[in-house]
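Reader: Hello! I am new to this structure and would love a close look at a single part of it. Could you pick one spot and walk me through its surroundings?

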Amino acid sequence: MNKSRVPFPWPLMRFWLARILPIWLGMALIIFLFQIAVCGIVHDNEKVKALLQMLDMLPSFIKSMLGGETLQLGNISALIAIGYQHPLVMILFMLYAVGVPNGLLAGEVQQGTMELILSRRVTKIQVYTCAALITMAGMFMMVIVMFLGTVAATHIYEFNPPVPLNCFFKTAVNAGLMASAVGGISLMLSAGLRRSVAMTVTIGYLVLMYFTDFIAEWWPWLSFLKPTTLFQYIGSYEIFALHRWPLQDMGVLAAVLVTTTVIGAIFWCRRDIAN
């Protein structure tokens, strides 16, 4: 007997999007306005001097995390890039990456509503695909909104020399790929673990990866750990110094994204929803 093909569950996708969209819009708005605020500070030479004087008083590892020797008066790109790696921005990305896939997969399982969802004409892989699309697209589009904040600021303030928006666009695309890879890791863990365990492991991994990145930057003995953190593959040097796409870094991030998403799908399809 031939089985009829199960249509994609667009009602489930719309329901989850309606639930996630207000949270996403709030985070995106904060990131957008924050980039404009950073450009507003950088635009004023007196404020830039005050900012650099404040940064000089910080420990060396913090200055290295924010840009190191590139943070100089006149290096507008490096100063604006502070807003792309500010702790506030990183926290918002982490909250979305951890909260959304855990809420849509592990959360629904724990609450018992996943059994109700799967009792309808829908497959497990389709449910997983809905959660994956919302997670990846949300992370990537949030980075694009961050870039649009920089674009808006260049129309509000006048910069001399002009801000190289093409470099920031490349940075946004690469950072969006990295954010999606982080979402893939979180999705993989939420597909195979209980909600509390998945959130704990994901947060612990992201915090460890974040601190490993900047500690290895100023401590030569730990430099061998750089390739283990996704933040290492932003490709800022190739983008701003060599003016080219960081294709090798993007390839690594794409490989992490595809691998974690596929493994997560396997975990999810084999998971006993009743437990």
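Author: Let's start at R244, which is partly exposed, with a relative accessible area of 46%. That value falls between the 20% below which a residue counts as buried and the 50% above which it counts as exposed, so "partly exposed" is the right label. Please keep in mind that this is a predicted model.

What does R244 pair with? R244 forms a salt bridge with E238, and their closest N and O atoms are 3.1 Å apart. Side chains of opposite charge can pair when their charged atoms come close. The partner, E238, is buried, because its relative accessible area is 18% and the cut-off for buried is under 20%. In this pair, then, a partly exposed arginine, R244, meets a buried glutamate, E238.

How many salt bridges are there in total? The count comes to two. The other one joins R19 and E108, with the closest N and O atoms 3.2 Å apart. R19 sits in helix α1 (residues 10-43) and E108 in helix α5, so this bridge ties together parts that lie 89 residues apart in sequence. Here too the arginine, R19, is partly exposed, at 37% relative accessibility, while the glutamate, E108, is buried at 4%.

Back to the neighborhood of our starting pair. Helix α10 covers residues 236-240, and the buried residues of α11 pack against it. Two residues of that stretch, I239 and F240, are touched by T171, which also touches Y84; residues up to four places away in sequence are not counted here. T171 has its place in helix α8 and is buried, with a relative accessible area of 7%.

Further along the chain comes helix α11, which spans residues 247-270. How long should α11 be? At 1.5 Å a residue, its 24 residues should span 34 Å, and the end C-alpha atoms are 35 Å apart, which agrees. The buried residues of α11 are D249, M250, L253, L257, T260, G264, A265 and W268. Besides α10, they pack against α5 (87-111), α6 (113-118), α7 (124-156) and α8 (165-192). So α8, the helix of T171, is among the packing partners of α11, and so is α5, the helix that holds E108.

There is also a surface side to this story. V258, V262, I263, I266 and F267 form a nonpolar patch on the surface, with about 410 Å² of accessible area together. One of them, I263, is found in helix α11 and is partly exposed, with a relative accessible area of 31%. Another residue to look at is C269, which counts as partly exposed at 40% relative accessibility. By contrast, C167 is buried, with a relative accessible area of 2%. The structure holds zero disulfides.

Finally, a step back to the whole chain. There are 11 helices and zero strands. Of the 275 residues, 46% are buried. Among contacts between residues at least 6 apart in sequence, 78% join residues at least 24 apart, and the R19–E108 pair from before bridges 89 residues. The chain exposes about 14,400 Å², and carbon and sulfur atoms supply 68% of that area.

Definitions and conventions:
Residues numbered from 1 in each chain as written. Predicted model: local features only at pLDDT ≥ 70, side-chain atom pairs only at ≥ 80, totals over all residues. Heavy atoms only, no water. Helix = DSSP H or I, 4+ residues; strand = E, 2+ residues; numbered from the N terminus. Expected span 1.5 Å × (residues − 1). Buried < 20%, exposed > 50% of the residue type's maximum accessible area, 1.4 Å probe, protein only. Contact = heavy atoms within 4.5 Å. Patch = residues over 30% accessible without salt bridge, like charges linked within 9 Å, V, L, I, M, F, W, Y side chains within 5 Å. Areas by Shrake-Rupley, 256 points an atom, 1.4 Å probe, with all protein chains shown as cover. Salt bridge = Lys/Arg side-chain N within 4 Å of Asp/Glu carboxyl O. Disulfide = S-S within 2.5 Å.
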